[in-house]
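Here is a friendly walk through one protein model, with charged side chains as the main theme. Please keep the sequence and the 3D view open as you read.

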Amino acid sequence: MGVFDHLLQEFELPLTNAVPIFSLILFIILLSPILLKKIKVPGIIGLIISGVIIGPHGLNILEQNSAINLFSTIGLLYIMFIAGIELDIYEFKRNKYKSLGFGFFTFIIPLSLGIPVCHYLLGYGWTASLLIASMFSTHTLVAYPIAAKFGISRNQAVAVTVGGTILTDTAVLILLAVIVGSVEGGLNPQFWLKLVVSLTIFLFIIFFLIPKVAKWFFLHLEEDKTSHYVLILSLVFLSAFLAEVAGVEPIIGAFMAGLALNRLIPHSSTLMNRLEFVGNAIFIPFFLISVGMLVDLKILFQGPTAIIVALTLSIVALAGKFGAALVTQKVYGYSANQRKLIFGLSSGHAAATLAVILVGYRADIIDENILNGTVILILITCIIASFATESASKKLIQERKALPDEEHEITAHEENIIIPIANFDNLESLVDLVILLKSKQRPSVIHILSVVKYDDDAEQKMQKIKRDLNYFVRYASASETNLKTVVTFDLNSANGIIRISREIMANIIVMGWPKNRTFLSRVFNQTVESIINSTDKAILFCNIHGTLNTTRQIKVLCPPHAELEPGFHQWLSKINILRSELRTKLLFFCNGQTQAAIKGSVKKKNPPITYSPFVDMKDFLVLSKDLNADDLFVVISSREGGMSYQHELKSLPKRINKYFTDLNLILIYPATKIDEADRVKIYNSSNKGNESHEEVESITS
């Protein structure tokens with residue numbers, strides 16, 4: 001066989017060689033969103049249409065083989081998992097009744113419309129009509145990546161829709177099992193007992209065992225970041241398989257895994273960025289292309305019956321979802337754009353819809369016309385869902401920017417955080433912490449600083465430090481963090497840190513916990529004392545053991561009059577950001593005046609904030625009974641001469657080092673000077689994302 005004949009064989013349709021197949025898919029993923037963006041069409045539609053063109057019913061370039069089905073399944077599970085992991089779990093719990101309401105509306109309204117239309121208009125029997133109508137009630141979050149791209153995935157309308165998606169899809173899939181069981185004569189007490197028991201065991205494994213397994217791995221494999229990613233994927237697909245064993249669709253298991261692991265994966269962490277990046281770059285586009293490959297446009301030319309069925313199914317499906325979104329808007333008082341967002345997210349039909357119809361077709365409950373019409377319905381609803389979601393997302397972003405107190409109006413200045421480092425062993429944990437703490441509303445730059453003392457080997461030391469720092473630049477880039485390294489000469493470390501912090505106009509200095517003996521005997525060594533006394537910037541001394549994503553609660557000790565310090569709002573906003581990132585509760589030990597100031601400054605209510613009366617810093621050690629191994633203990637101190645300074649604070653670091661260094665710990669010296677523009681930025685950042693109405697708070701003694 002000649003070279004030319006071999007080349008022709010390689011390009012014989014459909015393609016069978018894995019290399020050109022994967023190359024073609026990647027070029028589609030790359031080019032279709034770019035090309036369609038010029039005509040203002042959502043990139044998702046380009047992927048679906050590309051699937052139509054290259055699929056077995058189009059140009060027959062690719063066939064629905066096991067490899068395509070595998071990547072497609074992974075993509076669908078990824079969508080559901082990301083939806084669960086990005087969900088604001090406290091907002092979801094607070095709005096669980098709204099999710100339940102929307103789930104009921106989006107289940108019952110399409111079902112009520114579909115049954116009479118299928119029975120009286122299309123002429124199907126009651127069993128077939130019930131199954132077809134249940135298909136209208138399902139939806140797939142095909143357009144969810146659009147909402148995530150615009151940064152509105154934590155909008156209450158999204159939380160309600162995602163929660164309702166799981167409820168309605170679960171109800172439909174259980175209904176499907178009941179319909180098939182009734183046709184096969186299997187509806188008996190054993191059927192119901194098996195279903196209830198299997199679902200109970202499934203939920204126990206997902207919400208009790210899986211979080212414990214993940215937490216154990218995070219604690220014992222804290223340095224192996226690749227293992228963290230592999231662990232999460234393993235748990236997601238295990239959950240999907242367990243859901244299938246329990247009698248529901250794997251997508252339910254993937255979403256439940258997202259909810260179970262939600263608190264263990266901070267939103268701005270490197271792990272979260274890797275999860276989203278791989279999913280959005282490979283797996284989710286694969287799923288969307290595979291959806292298009294199911295579509296057979298030729299069925300529209302097989303006679304009027306096929307067209308009538310396809311259009312009827314599509315109109316009823318869209319009308320049912322719009323009706324559910326409209327009722328939800330009226331009942332819960334959402335805006336028109338939120339209604340449009342709910343409709344856009346819930347109107348796309350794909351995996352669950354196809355699963356219902358295929359099961360019904362294989363059980364001879366429905367005929368080929370419904371099967372073909374459903375495939376056309378998938379194409380039409382996915383296109384409309386994409387347009388509706390993108391339009392609503394843009395308008396919601398515009399509404400948010402129109403608010404007068406939004407931080408976007410004053411985001412001209414970037415936030416500079418400096419990490420002076422002498423010991424590379426704890427640098428990774430400090431970088432992870434700062435990635436979580438950095439502002440989410442204005443540009444942030446993390447500067448890793450190493451000061452080299454003047455001596456004969458200074459230049460060689462500098463070159464070695466620069467090589468060592470390259471790893472951390474690559475590490476931070478995985479979370480899309482702007483990280484810069486600064487290596488400088490100076491007479492001593494304190495002078496170098498103070499000089500560079502002034503040169504780059506640092507807002508915050510984050511340092512590792514001092515370990516040497518002078519720390520025990522003199523509270524701080526000379527270097528640390530010089531930095532504290534020579535700069536007015538906020539300083540954070542951090543003693544972090546391993547990963548912070550297993551933190552159960554953040555507990556903050558505030559001295560009396562802490563609210564009078566100029567840097568009060570700055571450190572409070574950072575604690576608030578950390579609370580949101582770790583999705584954990586927050587407890588303040590403080591007096592009544594400080595509590596009132598905190599409540600007046602922090603407007604975002606979830607996760608919940610609680611308070612415990614604490615007045616006398618002499619009783620500092622009694623807090624040990626209130627601290628657990630998985631708490632993050634934050635202590636607010638003050639420089640000598642500060643508004644909240646008292647004599648007991650001088651010995652505070654020594655006592656912390658003696659009794660509390662087994663905990664994850666942050667000791668904060670608030671800034672003694674804050675510019676007015678920075679103060680407004682910090683205050684707005686603290687109030688960012690307020691979508692709640694009532695704070696969950698308590699006073700404990």
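Let us start at arginine 552, which sits in the loop between strand 5 (538-543) and strand 6 (553-557); helices (H or I, at least four residues) and strands (E, at least two) are DSSP runs, numbered from the N terminus. This is a predicted model, in which local features need pLDDT of at least 70, side-chain atom pairs count only at pLDDT 80 or more, and totals for chains, interfaces and linings use all residues. Residues are numbered from 1 along each chain as its sequence is written, and side-chain values use heavy atoms, with hydrogens and water left out.

Arginine 552 has 47% relative accessibility and therefore counts as partly exposed; buried means under 20% relative accessible area, exposed over 50%, and partly exposed in between (1.4 Å probe, protein chains only). On the surface, Arg552 gathers with Lys93, Lys96, Lys212 and Lys585 in a patch of positive charge. Patches of this kind are made of residues with over 30% relative accessible area and no salt bridge, like charges being joined within 9 Å. Lys and Arg count as positive and Asp and Glu as negative, while His and the chain ends are not counted. The place of a charge is taken as NZ of Lys, CZ of Arg, CG of Asp or CD of Glu.

Stepping back to the whole protein, the secondary structure comes to 26 helices and 10 strands. Of its 701 residues, 56% count as buried. The accessible surface is about 30200 Å², with 60% of it belonging to carbon and sulfur atoms; the areas come from the Shrake-Rupley method with a 1.4 Å probe. Among contacts (heavy atoms within 4.5 Å) between residues at least 6 apart in sequence, 82% join residues at least 24 apart.

Now for the charge pairs. Side chains of opposite charge can pair when their charged atoms come close. With a salt bridge defined as a side-chain nitrogen of Lys or Arg within 4 Å of a carboxyl oxygen of Asp or Glu, the count comes to 6 salt bridges. The table includes three of them.

| Positive residue | Negative residue | Closest N to O |
|---|---|---|
| Lysine 394 | Glutamate 390 | 3.4 Å |
| Lysine 574 | Glutamate 415 | 2.5 Å |
| Arginine 499 | Glutamate 503 | 3.3 Å |

Lysine 574 belongs to helix 23 (residues 568-582) and glutamate 415 to strand 1 (residues 415-420), so their pairing ties together parts that are 159 residues apart in sequence. Lysine 574 is buried, at a relative accessible area of 8%, and glutamate 415 is buried too, at 2%.

Lysine 394 and glutamate 390 are both in helix 17 (residues 368-402), 4 residues apart, or about one turn of the helix. Lysine 394 is partly exposed at 38% relative accessibility, whereas glutamate 390 is buried at 12%. In helix 20 (residues 493-503), arginine 499 and glutamate 503 are also 4 residues apart, about one helical turn. Arginine 499 is partly exposed at 28% and glutamate 503 is exposed at 51%.

Helix 20 also holds alanine 494, which is buried with a relative accessible area of 5%. The C-alpha atoms of alanine 494 and serine 530 are 6.2 Å apart, although 36 residues separate the two along the chain.

Which buried lysine has no salt bridge? That is lysine 438, whose nearest side chain of opposite charge, glutamate 415, is 7.6 Å away. Lysine 438 is placed in the loop between helix 18 (427-437) and strand 2 (444-453). Leaving aside neighbours within four places in sequence, the contacts of lysine 438 are Glu415, Ile417, Ser444, Thr481, Lys574 and Ile577.

Definitions and conventions. Patch = residues over 30% accessible without salt bridge, like charges linked within 9 Å, V, L, I, M, F, W, Y side chains within 5 Å.
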